[in-house]
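Biologist: Let us look at one chain together. I will ask, you reason.

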Amino acid sequence: MSANGKVIGLVGSPNREGRTNQLITAALGGAGRSGAPTELIQISDHVVTACKDCLPWVCKDNLACTYEDDAFEFLSQKILNCGALILGAPVYWWDISGLVKYLILKMFRVYAFSAPLQGLPALGIAIAGGTGNGLVSGLRPVYHFFQMMQMRAIEPLPATRFNFEDALKRAEKLGEEIGEKAQHRIPFKGLEDRLLWYDALPYLGLSRAGERRLLSDLIVKTLPPDAEPTFAFNLALADEMAAAGKPLDSLIETTHIYEAGVKAFKR
Ligand SMILES: Cc1cc2nc3c(=O)[nH]c(=O)nc-3n(C[C@H](O)[C@H](O)[C@H](O)COP(=O)(O)O)c2cc1C
């Protein structure tokens, strides 16, 4: 496969001009600044049909879905021939959209075995644009895809409507980083090397309570300091409870901060 250095950004939302698009556009802007050619692709223009799990499993040898699927053919060829991949998913019920999931599952079925994407630089973005819940759990299927396909992903971007302005700036920065890497694929030495690489990435290993704490923390950080001076103090209190072996009390306190933070954010 030729790595032409082009960075492609896949928008995994049916909402063409929504937040996923804005984040991907920002990331591609950063990649463009690093000198890489870029292309934005709306997955909603190429809706992959569900894998039929047909047997015998010939698609792994033919390297094509046995059933006619122009959308999959188009997207998979774009991914196989790019220099770096940015995949943006909207968070739906703490998970990702079907648009992204159908693509991922068919990519596994056809290509996981032959692994043609070894070392491909990749960046995943998940946007939890409602409650903010799922900002990390929405990243996991995307990074599981990168990991299973043996890509070399950089740190993910968990985005919410609360930290959206900061997330756009971060997308640009991470896009620049991925653009700089787009000329070279650096395959892993082996499975262990790859697993440790993914274990070292931030956010993905957070517990559910940890995810809630991250969400509360970033809401508090986006509020003006005079919005509610007790927020930061209460968050420290929640941490103390956790350290004292009271995880339920800690999580309840964190949720209070989250709920009050959302109210303050709306004012
Ligand atoms: C079916 C559905 C489920 C959703 N679930 C969540 C959720 O679990 N957490 C959240 O923060 N937002 C949730 N949202 C809101 C979306 O994440 C939000 O609209 C986001 O901006 C979508 O990206 P887009 O603007 O690119 O379409 C949900 C939206 C839909 C349509």
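Biologist: How far apart do the C-alpha centres of domain 1 and domain 2 lie?

Modeller: This is a predicted model, where local features need pLDDT of at least 70, side-chain atom pairs count only at pLDDT 80 or more, and totals for chains, interfaces and linings use all residues. Residues are numbered from 1 along each chain as its sequence is written, and side-chain values use heavy atoms, with hydrogens and water left out. Domain 1 covers 7-199 and domain 2 covers 208-266, bounds that come from an automatic or database domain assignment. Their C-alpha centres are apart by 31 Å.

Biologist: Which three residues supply 52% of the area that domain 1 buries against domain 2?

Modeller: Buried area is the accessible area (1.4 Å probe) that two parts lose on being put together, summed over both. Between domain 1 and domain 2 this area is about 980 Å², with 66% from carbon and sulfur atoms. The 52% on the domain 1 side, more than any other three residues give, comes from Leu135, Arg161 and Phe162.

Biologist: How many salt bridges are there between domain 1 and domain 2?

Modeller: A salt bridge needs a side-chain nitrogen of Lys or Arg within 4 Å of a carboxyl oxygen of Asp or Glu. Between domain 1 and domain 2, the count is 0.

Biologist: How many residue pairs are in polar contact across the interface of domain 1 and domain 2?

Modeller: A polar contact pairs N or O atoms within 3.5 Å; within protein, one must be able to donate a hydrogen and the other to accept it, and residues adjacent in sequence count only if both atoms are side-chain atoms. With both residues at pLDDT 80 or more, the number of pairs across the interface of domain 1 and domain 2 is 6.
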